[in-house]
Amino acid sequence: ATAYSAKGLTPSQTKALLINALSSNNSLVIVNILRSEMDETGGGHFSPIAAYDPKSEQVLFMDVASYRYGPTWVPLDKLYNAMHTIDGSFYRGFIVVSRSA
C-alpha cells in the first residue's frame with residue numbers, strides 16, 4: 001500500500017496517480033475526504049473509488065455508508081478539494097493498495 005498526502009500533490013498529479021491506479025486490475029484506491037467539501041453532512045470519511053470517466057472528469061465514489069449515501073459520480077476537482085483538507089495535524093489524501101507481483 002502507498003499513502004499519498006494531498007498536501008504534496010497538485011490536482012494534475014493527483015489525477016494522474018488515480019487514473020493509473022484505477023486502470024490497473026491489481027490496485028484499489030481508498031480516499032480520505034472531508035464530507036462537507038462534497039456537499040454532504042459529517043466530518044472525515046474513508047471510502048473507495050472504483051472508476052474514472054475521462055469525458056466528465058469524474059470518479060465513481062463508492063460510499064461505504066450506503067445507508068446514507070449510495071455510489072455517486074464526483075467531479076475530480078471536488079474530490080481533490082475534499083482530500084486537500086486537514087485531519088488533526090495532517091492533510092487527508094488517498095491510499096493505493098496493490099497486489100504483489
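This passage describes the sheet, the helices and a few individual residues of a predicted model.

Residues are numbered from 1 along each chain as its sequence is written. Because the model is predicted, local features need pLDDT of at least 70 and side-chain atom pairs count only at pLDDT 80 or more, whereas totals for chains, interfaces and linings use all residues; side-chain values use heavy atoms, with hydrogens and water left out.

Confidence is a good place to begin. The chain has a mean pLDDT of 90, and 96% of its residues reach 70 or more; pLDDT is the predictor's confidence in each residue, from 0 to 100. Among the elements of the chain, the lowest mean pLDDT, 91, belongs to strand β6 (residues 86–87), and the highest, 96, to β8. Where pLDDT is low, the predicted coordinates should not be read in detail. Helices (H or I, at least four residues) and strands (E, at least two) are DSSP runs, numbered from the N terminus.

The sheet comes next. An open sheet is formed by 6 strands in the order β1-β8-β2-β3-β4-β5, with antiparallel pairing; two strands pair if DSSP finds at least two bridges between them. Strands β1 and β5 (72–75) lie at the edges, each pairing on one side only. On average, neighbouring strands of this sheet are turned by 35° against each other, direction ignored. Such angles are taken between axes, which are lines fitted to C-alpha atoms (for helices over the stretch in contact), and run from 0 to 180 degrees between N-to-C directions.

Strand β2 (residues 27–34) can be followed to both of its partners. Towards β8 (residues 93–98), β2 is joined by 5 bridges in an antiparallel arrangement, and S27 has S98 as its bridge partner there. Towards β3 (residues 44–53), β2 pairs over 6 bridges, again in the antiparallel sense. In that pairing V29 stands opposite I49, and V31 stands opposite S47.

From β3 the sheet continues to β4. These two strands pair in the antiparallel sense over 3 bridges, and the bridge partner of D53 in β4 is Q58. Together β3 and β4 form a hairpin with 4 residues between them. The turn holds E57, which has a positive phi of about 55° although it is not a glycine. E57 is partly exposed, with a relative accessible area of 36%; buried means under 20% relative accessible area, exposed over 50%, and partly exposed in between (1.4 Å probe, protein chains only). Within β4, Q58 and L60 point one way while V59 and F61 point the other way, and all are buried. On the far side of the hairpin, β4 and β5 pair in the antiparallel sense over 4 bridges, with Q58 opposite P75 in β5.

Two helices accompany the sheet. Helix α1 lies across β1, β2, β3 and β8, and runs at about 70° to β3. Helix α2 packs on the sheet, where it touches β2, β3, β4, β5 and β8, and its direction makes about 65° with that of β2. The helices also meet each other: α1 (residues 11–22) and α2 (residues 76–83) pack at an angle of about 105°, with their axes 10 Å apart. The two are therefore roughly perpendicular, given that angles of 65 to 115 degrees count as such, under 35 as roughly parallel, over 145 as roughly antiparallel and the rest as oblique. P11, T14, K15 and L18 of α1 make the contact with L76, L79, Y80 and M83 of α2, contact meaning heavy atoms within 4.5 Å.

L22, also in helix α1, shows how this helix meets the strands. Leaving aside its neighbours within four places in sequence, L22 is in contact with V29, I49, A50, A51 and Y52. The C-alpha atoms of L22 and V59 are separated by 9.5 Å, with their positions 37 residues apart along the chain.

Finally, the aromatic rings deserve a look. Rings of Phe, Tyr and Trp (its six-membered ring) pair if their centres lie within 6.5 Å; planes under 30 degrees apart count as stacked, over 60 as edge-to-face and the rest as tilted. By this rule the count comes to 1 aromatic pair. Y4 and F94 are stacked, at 4.9 Å centre to centre and 20° between the planes. The pair links distant parts of the chain, with Y4 in β1 (residues 2–5) and F94 in β8, 90 residues apart. Y4 is partly exposed, with a relative accessible area of 26%, whereas F94 is buried at 3%.
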